Amino acid sequence: MSGDEESIKRMADFLKSGATMLFEHCPQCGSPLFKLQDEVRCPKCDKRVVIVKTGEEIPDVSKSDLLSDVEDTVLFKLQEVSDRVREEKDVSKLVALGNLLSTWLDVLEKVREIQRV
Ligand SMILES: [Zn+2]
């Protein structure tokens, strides 16, 4: 039996035993990976694979990390805008900056709301 046939047979076996196909691919051979219970396996290499997150997908576990990143960014922007407001004398520009501040504050509020969930 060729390697390809073997890997197809293993894929079928994985699926039969309730494994799910993942979006991730094997770093060695590029085959789609399967999750069987707590193990991720490559049907072609026939071994366990440890998935290293590339940042393309946002798994649930890092939701709070992402949100605190956003929060940091928003706080940084708020600081920037606030510094500019302090130095700005032009009223029309102050209005624009005020709108900007209010927008960032809205974002901040939303981020903190989501974090509480
Ligand atoms: Zn592989």
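This passage describes the zinc site, the nonpolar core and a buried helical residue of a predicted model. Local features were accepted at pLDDT of at least 70 and side-chain atom pairs at pLDDT 80 or more, whereas totals for chains, interfaces and linings use all residues. Residues are numbered from 1 along each chain as its sequence is written, and side-chain values use heavy atoms, without hydrogens and water.

The zinc ion has as protein donors the SG atoms of C26, C29, C42 and C45, at 2.2 to 2.3 Å; donors are N, O and S atoms within 2.8 Å of the metal (3.2 Å for Na, K and Ca), and since water is not among the atoms, sites may look incomplete. The spacing of the donor residues in sequence is C-x2-C-x12-C-x2-C. The arrangement is tetrahedral because the four donor atoms subtend angles of 103 to 115° (four donors qualify if all angles lie between 85 and 135 degrees). The ideal angle for four tetrahedral donors is 109.5 degrees.

Of these donors, C26 is buried at 5% relative accessibility, while C29 is partly exposed at 32% (buried, under 20% relative accessible area; exposed, over 50%; partly exposed, in between; 1.4 Å probe, protein chains only). C26 and C42 also belong to the largest nonpolar core, together with L22, L33, V40 and V49; such a core comprises buried Ala, Val, Leu, Ile, Met, Phe, Trp, Tyr and Cys residues joined through side-chain atoms within 4.5 Å. Beyond its neighbours within four places in sequence, C42 is in contact (heavy atoms within 4.5 Å) with F14, C26, C29, S31, L33, K47 and V49.

E71, in helix α2 (residues 63–87), is buried at 13% relative accessible area. Outside its neighbours within four places in sequence, E71 is in contact with L108, V111, R112 and Q115. Helices are DSSP runs of H or I with at least four residues, numbered from the N terminus.

Methods:
Helices (H or I, at least four residues) and strands (E, at least two) are DSSP runs, numbered from the N terminus. Four donors count as tetrahedral if all angles lie between 85 and 135 degrees; four count as square planar and six as octahedral if opposite donors are over 155 degrees apart and all others between 65 and 115; anything else is irregular.
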